[in-house]
Amino acid sequence: MRASAFLYPWDVVGDEAAAARVADLGVRQVTLASAYHSTRAVTPRHPGHRIVTAQHAAVLYPPSAERWAGRALRPHPAGAWAPGDAFGEAADALAGAGLDVHSWVVLAHDSRLGAEHPQTSVVNAYGDRYPWAPCIARPEVAEYLADLAVEAAVRPGAGGTELESCGWYGLAHLHAHDKIASFASGDAEQYLMSVCFCTVCREGYARGGADVAPEEVRAALENLAPAGAAADVARRTMRWRGKVARAFQERVVGAVRAAAPPGFRILLHADPQPHRTGANTGVDPAHIAKVADGVVVPCAGGPERMLEPFARAGAGVVAANFPVVGGMGGSPDTLAADAARARDLGATELRLYHGGLASDGDLAQVREALRALR
């Protein structure tokens with residue numbers, strides 16, 4: 001199975017041994033971040049640093065002055081954590097080691113955007129804004145993210161792209177130091193706390209014949225509604241949200257495809273449950289199979305539920321994404337067996353999260369697993 005390891009440019013830039021070390025794992029490809037959210041990351045083997053703090057969402061290359069001139073919504077270049085064309089420099093080094101490079105683009109996850117332009121954010125049923133979650137139903141947000149996808153995906157040296165957060169974002173996925181588990185721990189609560197009630201979404205629910213009030217969501221969350229009310233609210237809001245998500249995904253993928261050279265692969269980080277929000281956005285497998293060249297599917301909790309819907313839908317590339325950082329809950333010691341099981345369930349490729357964050361011991365186990373799979 002073709003395998004790709006996720007990397008940040010700062011894992012490679014300034015470390016002359018990094019590219020060869022990644023190639024030695026047995027992967028054929030690197031999925032290299034070109035637009036990424038704020039983070040704090042360890043670099044356990046870098047000769048110049050151990051901790052990298054990306055203070056805000058940024059593009060890891062110089063953004064086009066012409067493309068963004070005069071526009072209120074625009075990407076910010078990285079600071080000292082990835083100066084200049086960090087993506088391009090890392091991509092060149094990786095290609096020099098014989099690796100294919102695909103860009104890794106994070107879209108609807110940007111707390112700086114929400115801080116600077118609060119009106120762009122998802123608004124929950126209580127009126128709270130989520131500054132890390134741009135509302136993709138807003139025309140200005142959809143336009144901005146589609147243009148960002150084009151610029152960040154089709155970089156020199158990239159033979160394809162993987163689009164993360166290409167759909168609805170909400171409560172899920174860590175933001176700063178999260179302290180919310182006691183309130184929205186279940187799947188239904190996570191969804192209801194992610195339903196947006198900005199002006200655009202309220203109008204959309206009404207136009208779609210499902211005029212949902214925030215009070216209904218609050219009643220369902222606080223166990224004040226009749227039995228079945230939460231499911232009814234979810235069904236009614238999903239009519240609008242599903243339509244918006246599908247249109248957004250078509251727009252983004254279409255824009256990237258129009259700008260990309262022939263043979264450029266476009267994959268989405270995706271979950272087969274359409275109501276999901278977050279990095280692996282919920283999609284309709286049958287729909288996404290007609291839009292993108294494939295999907296990258298999170299398999300940390302077991303591949304059965306995640307892979308089979310995409311395989312049945314004929315989604316093209318179905319890449320099973322396994323965490324391999326032991327300190328972050330990954331299981332590099334079971335990678336060979338996990339990957340074999342994923343292949344039996346329809347996976348065509350592997351993704352390894354994350355080549356830069358993994359310890360030396362983790363990488364040794366990955367190397368052995370990939371050797372066994374060959």
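**Entry 1: Gly-208**

I started at Gly-208, which sits in the loop between α8 and α9 (214-221). This is a predicted model, so I read every value below as computed from it. Is Gly-208 buried, partly exposed or exposed? Its relative accessibility is 49%, and because exposed begins over 50%, Gly-208 counts as partly exposed. I also took a long-range distance from here: the C-alpha atoms of Gly-208 and Ala-33 are separated by 37 Å, with their positions 175 residues apart along the chain.

**Entry 2: α8 against α10**

Next I looked at helix α8 (residues 199-207) and its partner α10 (residues 229-259). Their axes come within 9 Å and cross at roughly 110 degrees. The two helices are therefore roughly perpendicular to each other. I noted the handedness too: α8 passes α10 in a right-handed crossing. Which residues meet here? From α8 I listed Val-200, Cys-201, Gly-204, Tyr-205 and Arg-207, and from α10 Thr-237, Trp-240 and Arg-241. Sorted by class, this contact has four nonpolar, two polar and two charged residues.

**Entry 3: α6 against α10**

I stayed with α10 and turned to helix α6 (residues 139-153). The axes of α6 and α10 come within 9 Å and cross at roughly 35 degrees, and this crossing is right-handed. On the α6 side I found Ala-142, Glu-143, Leu-145, Ala-146, Ala-149, Val-150 and Ala-153. On the α10 side the contact is made by Phe-248, Arg-251, Val-252, Ala-255, Val-256 and Ala-259. How do the residues of the contact of α6 with α10 divide by class? I got 11 nonpolar, no polar and two charged. As a reminder to myself, an α-helix has 3.6 residues a turn, so residues three or four places apart point the same way.

**Entry 4: helix α4**

I then asked which residues of helix α4 (residues 86-96) are buried. They are Ala-86, Phe-87, Gly-88, Ala-90, Ala-91 and Leu-94. What covers the buried residues of α4? The cover includes the strands β1 (2-7), β2 (29-36) and β6 (100-106), along with the helices α1 (9-12) and α2 (18-24). After α4 comes Gly-98, and its phi is positive, near 85 degrees.

**Entry 5: backbone oddities**

I went looking for unusual backbone geometry. Most residues other than glycine have a negative phi, and most peptide bonds are trans. Ser-165 goes against the first habit, with a positive phi near 60 degrees. Where is Ser-165? I found Ser-165 in the loop between β9 (160-164) and α7 (187-192). Its relative accessibility is 0%, so Ser-165 counts as buried.

The peptide bond joining Tyr-353 and His-354 is cis, with omega about 20 degrees. His-354 lies in the loop between β14 (349-353) and α14 (360-373).

**Entry 6: Arg-265 and its neighbours**

Arg-265 is in strand β10 (residues 265-271). Is Arg-265 buried or exposed? At 18% relative accessibility it counts as buried, because the cut-off is under 20%. I wrote out what Arg-265 touches, leaving aside residues up to four places away in sequence: Arg-2, Gln-29, His-102, Gly-159, Gly-160, Thr-161, Asp-293, Val-317, Glu-349 and Arg-351. I also checked Glu-162: the C-alpha atoms of Arg-265 and Glu-162 are separated by 8.3 Å, although they are 103 residues apart along the chain.

**Entry 7: His-117**

His-117 was a quick look. This residue is in the loop between α5 (111-116) and β7 (121-123). Its relative accessibility is 16%, so His-117 counts as buried. Not counting residues up to four places away in sequence, His-117 touches Ala-72 and Leu-73.

**Entry 8: the whole protein**

I finished by stepping back. How many helices and strands does the protein have? I noted 14 helices and 14 strands. The radius of gyration is 20 Å, close to the 21 Å that the globule rule gives for 374 residues, so the protein is as compact as a globular protein of that length. Along its principal axes the C-alpha trace spans about 60 × 50 × 40 Å. Of the 374 residues, 54% count as buried. Among contacts with a separation of 6 or more, residues 24 or more positions apart account for 73%.

Methods. Residues are numbered from 1 along each chain as its sequence is written. This is a predicted model: local features need pLDDT of at least 70, side-chain atom pairs count only at pLDDT 80 or more; totals for chains, interfaces and linings use all residues. Side-chain values use heavy atoms; hydrogens and water are left out. Helices (H or I, at least four residues) and strands (E, at least two) are DSSP runs, numbered from the N terminus. Buried means under 20% relative accessible area, exposed over 50%, partly exposed in between (1.4 Å probe, protein chains only). Contact means heavy atoms within 4.5 Å. Axes are lines fitted to C-alpha atoms, for helices over the stretch in contact, and angles run from 0 to 180 degrees between N-to-C directions. Angles under 35 degrees count as roughly parallel, over 145 as roughly antiparallel, 65 to 115 as roughly perpendicular and the rest as oblique. A crossing is left-handed if the near helix is turned anticlockwise from the far one by less than a right angle, and right-handed if clockwise. Ala, Val, Leu, Ile, Met, Phe, Trp, Tyr, Cys and Pro count as nonpolar, Asp, Glu, Lys and Arg as charged, and the others, Gly among them, as polar. The radius of gyration is taken over C-alpha atoms; the globule rule is 2.2 Å times the number of residues to the power 0.38.
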